[in-house]
Amino acid sequence: QVQKQTAKRQTPNAVSVAGLSQATMSSSNETITCNALYSTVGISFWGGIDPLSGKVIDQTHPLHGECITDKILCIPSGRGSCTGSQVMLELILNGKGPRAIILRSPDSILCTGAIVAEEFFGDECPAMAVPIICAVGDDNFAQLVDDGRDLLTIKIMGEEGDNEGNICIQSGGDEIITKDLLKLKDTLELDANNNDVDYLNQSSPAAELALRTVRRVASISGAKELIPITSAHIDAVTYIGPGGLKFAQKLVQLGGKVKVNTTLNSQSCDRRRWKQLGIDASLAENANSVGDAYLQLGCEMSFTCAPYLLPSKPKKGENIIWGESNAVVFSNSDICATSYR
């Protein structure tokens, strides 16, 4: 639901325009005005943006060398690994994230990192660290990039009723009214016949926290129901930073346990031979701590990016939820199980 108000200006075409290198920012509880960075090329947050500095480190990207911290980032979408959600989480916790991300189309991976930051680390997030994330559609996105204005203003229009989550993007004399994807209304309708209600009544604090997170992510695509799955594969075993480690450890502390057979992706280093391989001791300790936390949640001792080679692989026709891009492709084609990325 995106509205465009006032006539579009005729402006020169621009493929990729970078905003001012020196950030200019003003904000209140209802309005932010920041330098903008524009690109018609999506970016992989994992491997593309440094979570410690906020700089674009993908040397092939048009925004290489730019810093997204406290900027309004205009890109069509994220791309690449779902681990991008972990990088988003680390950027937020480090106070290095953008103030807003304007997308052409909704991107649930980027939104997931921001939602986890709010649900799991609300009190630990630096002030105003969680960005506004919105999608404006093809035409409005193209117009924003064509305009390429150094400064953009985003107004928060309301927190209640029909205006809840509404924002107004101001670019010169044009206004685009859309929704903050992090403030959408819950769309899930839990089914008592599908054991959803029984699960809620018997859930741990960890399960309640996880379900709140799932509900918010589901609202981005407008999902109305949950479907049973037979297995899961977790891609978040890579150590990106302390946020991802604390995420898994918090689920353990709150009594979390997996409900279906759950395998783990490869760690950031060998769990036993890291010394012989010359791995930094600090990285090895953190990487093993991530793996240990997921094992405490009841995950299978697997640590592979090819879960389809394990004896526990799913069968044809089963619904599963797997991370790791190659595994998703293999499950949906060769095994004929069904997984969304």
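The exercises below, each with a worked solution, concern a predicted model.

**Exercise 1. The nonpolar cores**

Find which residues have the most contacts inside the largest nonpolar core, and which helix gives the most to this core.

*Solution.* Begin with the core itself, which has 51 residues, and in which F45, I68, L73, I101, I133 and Y294 have the most contacts. Next, look at the elements that each supply at least two residues of this core, among them strand 4 (72-75), strand 5 (100-103), strand 6 (132-135) and helix 8 (281-296). Helix 3 gives the most to this core, with eight residues. Then take I101 as an example: leaving aside its neighbours within four places in sequence, I101 is in contact with F45, L73, I75, M88, I132, I133 and C134. Finally, note that another core, of 19 residues, lies apart from the largest one, and that A100, I132, C134 and F141 are among its residues. As a general background to this exercise, nonpolar side chains in soluble globular proteins tend to be buried together.

**Exercise 2. A hairpin**

Work out in which sense strand 8 and strand 9 pair, and over how many bridges.

*Solution.* Locate strand 8 at residues 166-171 and strand 9 at residues 174-179. The two strands pair in the antiparallel sense over six bridges, and one bridge partner to look up is E175 in strand 9, which is partnered with Q170. Strand 8 and strand 9 form a hairpin with two residues between them, and G172 in the turn has a positive phi of about 65 degrees. As a last step, consider how covered strand 9 is: five of its six residues are buried.

**Exercise 3. A sheet of three strands**

Determine the order of the strands in the open sheet of three strands, and name its edge strands.

*Solution.* The order is 11-10-12, with parallel pairing. Strand 11 (261-264) and strand 12 (321-322) are the edge strands, since each pairs on one side only. Strand 10 (residues 231-234) is joined to strand 12 by two bridges, and A232 has I321 in strand 12 as its bridge partner.

**Exercise 4. Two crossing helices**

Decide whether helix 3 and helix 7 are roughly parallel or oblique to each other.

*Solution.* First take the axes, which come within 11 Å and cross at roughly 50 degrees. Angles under 35 degrees count as roughly parallel, and 65 to 115 as roughly perpendicular. The two helices are therefore oblique to each other. Helix 3 passes helix 7 in a left-handed crossing, where V116, F120 and F121 in helix 3 meet G243, K246, F247, K250 and L251 in helix 7.

Methods: Residues are numbered from 1 along each chain as its sequence is written. This is a predicted model: local features need pLDDT of at least 70, side-chain atom pairs count only at pLDDT 80 or more; totals for chains, interfaces and linings use all residues. Side-chain values use heavy atoms; hydrogens and water are left out. A nonpolar core is a set of buried Ala, Val, Leu, Ile, Met, Phe, Trp, Tyr and Cys residues joined through side-chain atoms within 4.5 Å. Buried means under 20% relative accessible area, exposed over 50%, partly exposed in between (1.4 Å probe, protein chains only). Helices (H or I, at least four residues) and strands (E, at least two) are DSSP runs, numbered from the N terminus. Contact means heavy atoms within 4.5 Å. Two strands pair if DSSP finds at least two bridges between them. Axes are lines fitted to C-alpha atoms, for helices over the stretch in contact, and angles run from 0 to 180 degrees between N-to-C directions. Angles under 35 degrees count as roughly parallel, over 145 as roughly antiparallel, 65 to 115 as roughly perpendicular and the rest as oblique. A crossing is left-handed if the near helix is turned anticlockwise from the far one by less than a right angle, and right-handed if clockwise.
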